[in-house]
Amino acid sequence: MPILTLAAKDLRLLLRDARSAVILLVTPLVLILVLGMALGESFGEKPDERLRISVVNLDRGLPGKQAFPDKPWSEVVMDDLTATAGIRLELITDRAEAERLVARNRRAAVIVFEPEFSERMNRCSFLSQATPPPINPFDRDGVRTTEVGLKLLKDDTQPVTASTIEQVAQVTLLRVLIPWMIGRAFERVGDDAFMESLAVKLKDAKPLPPAVLKELDPVVQKLLDSLMRDPEFGAMMLKAVGFRDATTIANRSKEFKEVMSQAFNNPKLMARVGKDIAFGEVMTPAVRAEVGPKVRDGVQEVLSNYDFKAKTWAGLNKDRARTANPDGVTEYRDTSGSGFLNRGAVRYQILVPSYTVMFAFFLVLSVGWLFVAERKHGTLARLRAAPLTRAQILMGKLLPCLFVSLTQGFFLLAAGWLLFGMTWGSRPDLLAAVVVCTSAAAVGLSVFVASIARTETQVAVYGTLLVLVLGGVSGSLMPRDLMPEKMKTASLATPHAWALDAYAQLLASPTPDVTMIATACGVLLSFGVVFTALAWWRMDLE
Amino acid sequence: MPERILEVTDVQKRYGENVALGGVSLTIDAGESFGLLGPNGAGKTTLISILSGLSDSDGGEVKLFGQVFTRAKRDLRRLVGIGTQDLAIYPDLSPRENLRFFGKLYGFGGNALESRVDAVLAEVGLTDRANDRAGTFSGGMKRRLNLAVAVIHGPKLLFLDEPTTGVDPQSRNHIFRQVKALNSSGVTVIYTSHYMEEVQELCPRIAILDGGKVRACDTLPNLLKTLDGRVRFRLSAPVPGFEERLAKLPGARQVKPTDNGFEVTTDSVPQLLPAVMTLAAELGATITAIEPREPTLERVFLHLTGRELRD
């Protein structure tokens, strides 16, 4: 089989080419290693300009159900945070992790909702006495966070950011606490206990001032007038005093009313009469029951710009309710890796495929130099004199290149797994397919460049330029997610971009899109076929 | 009647405006060792490229082993070996690996290939260095390996294009011996060179190529016959009647007086030279200087082309 003979020879030459081994295997590994150690934890993530508020929620919530709030207070606070523009919430599952992150300066501050947070928030009140005992959460600086069971872990080396986070927490707590406390307090205005305490306070307010009694005169006049006209009252009088006296009282009621009016308008007389009467005696339970709600309604009416019963900030202000943003909440994941190499860091899930793809196309140099050497040593002419077809010669070249490319691809992924602790995702079989298809495209491009370049310098210039430009355009040098959408779309003109998208699906997504991966593989194979066809057309093999 | 192994009829080749071959015709029989002589740019390598299947001609016809030969006739290429002017070996492979590779391309394999590789390595004197990288070899050793590669598949017709370029005398002798041995074993050899002495030594029949055309094609003696030999000599003093006696010597065709002497044109310098010496003794003349000039291939070439071979 001449093809295998040719392939075996070229493979032997490629394997003996230390220069290729350095370019194809060592360089990408070194780059991945250096970048893996140098890049920040958030490498590969879309930059989020929102302020990150990290939260540990240990809140037990409230026992049983209650009308407000219908969820733990910690969730009310977190909803308020996520509803605030420019803020995103990061949930850390345990306190020790949070303390570790702060201690290692990886978080400026972390809010910890202690287990009793809901219970303490529920007790916050303007009242001085209640059961259970109320908590006054305020002081001159705002909310006393420790009083409500909120702990702020702070990194002293990042005071500005920590202070910003603290202020955000303060504002949010005020926004949650104030309407809650006003609402609760307003419920008390005019209620029986309130009115009773008012009555108690008025009980000792003696004497009843003559002016007050004077003001009662019209009421007394109305009462007497109505009574005299009422038949039932007439019957009661008739029964109590007899016909003659009842007739006399009825006939003299006018004079009686006048005398009563004169008495009520006589300050001295009233001073004497009211000497032993207290205000509180007027506040009978029935009066209190009737007057209390009217008092509350009256206050609400006077201050009608606000709804004091609402218990939420938006309700208090009679504004539209703020909507919590579920997208503003993410679970904290430790993506920093461990050890000297940061093994397992999520950045390797991006770095390894990026450099695997980019350096797959550095095959252009190895193959180009192989062809140039074949021409320079006269052996290409010698092959042309042998009983070989053009297809046999080309296939004899393609096979070892494909083998080298596949070896490179699998080697780098294996090294990524062994050295850098990257995962192969949930579909290693599809990962292998992407390696194969990427290699097909790389080999195609390599033989195409080899068909154009005539000298080692041309190979180096064309190859390096092509690989770096395609790498840059496609997003091999930076995460594709960071590219502008237009550029991202344009980059699909490169095989690299398809390979990177397929790798991203397989290595970064828990549920890879198989259709997308199959499409990418198809496109990569098409690139390989087209490049090889161009090489076939260009290459002087006969 | 020997088998006609190669028949070239009016073969033409152009590279743009440049005419590399302007209608070359020649025939070569089986078992011949045929020399193709010409200066640089004469068209030798172009002709060899066409005859060995490296390229096609623009016109004319090449018949190889009785069949019209073009690049498409891959089976005929199996019968042909070519030692290219430029080396055609893999410097990163050893001689053994080079020979195995080319042997396999021609269908050899297994023990037959190994035996053949060992034999060829021995023939070119590279057995001791069989497993060293060819890139570390001297120019002469590389040339010998190049020749080994050309014959690994046992061709019936062997083209050797300037096979001794840049080699040391030892390697040149090796190559000469091997070419002679191959020819003795029945391999038809077409040997191109601009070293006249090589062609003279190896090739009974020679074609002189210049400007893309065959200027002459014949056996060496016949080519030499196209030119006369000359003997020039000087006498210590003029001798009356010497010129007349000289003209009557056997083989002397023309006598021309020169300063203090004569130049005699002859068909045979070896025959004329002793006769001149005898005549001088007989007439009491003293020859102070004598210069015999036999016809050489170089002079034939100069005569035919009007320029030196190495121009």
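## A four-stranded sheet in chain B

In β14(B), B:I287 is the residue that bridges to B:L235. That link belongs to a bigger set: β11 of chain B, residues 229–235, runs antiparallel to β14(B), and six bridges hold the two together. Keep in mind that this is a predicted model.

Now for the sheet around that pair. Reading across, the strands go β12-β13-β11-β14 in chain B, in an open sheet of four with antiparallel pairing. At the edges sit β12 and β14 of chain B, each with pairing on one side only. On average, neighbouring strands here are turned by 15° against each other, ignoring direction. As general background, strands in a sheet pair through backbone hydrogen bonds, and they can do so parallel or antiparallel.

There's a helix to go with the sheet. Helix α10 of chain B lies across β11, β12, β13 and β14 of that chain, and it runs at about 20° to β11(B).

Here are the residue ranges for these elements:

| Element (chain B) | Residues |
|---|---|
| β11 | 229–235 |
| β12 | 252–258 |
| β13 | 261–266 |
| α10 | 269–282 |
| β14 | 287–293 |

Stepping back, chain B contains eleven helices and 14 strands. Of its 311 residues, 43% count as buried. If you take the chain B contacts between residues at least 6 apart in sequence, 69% of them join residues at least 24 apart.

Over in chain A, is A:D297 buried or exposed? It counts as exposed, because it has 12 C-beta neighbours inside 10 Å. A:D297 sits in helix α13 of chain A, residues 285–302. Its C-alpha atom is 9.4 Å from that of A:V189, although the two are 108 residues apart along the chain.

Definitions and conventions
Residues are numbered from 1 along each chain as its sequence is written. Chains are lettered from A and ligands numbered from 1 in the order in which they are written. This is a predicted model: local features need pLDDT of at least 70, side-chain atom pairs count only at pLDDT 80 or more; totals for chains, interfaces and linings use all residues. Two strands pair if DSSP finds at least two bridges between them. Axes are lines fitted to C-alpha atoms, for helices over the stretch in contact, and angles run from 0 to 180 degrees between N-to-C directions. Two residues are in contact if their C-beta atoms, placed from the backbone, lie within 7 Å. A residue is buried if 20 or more other C-beta atoms lie within 10 Å of its own, exposed if 12 or fewer, and partly exposed in between; C-beta atoms are placed from the backbone.
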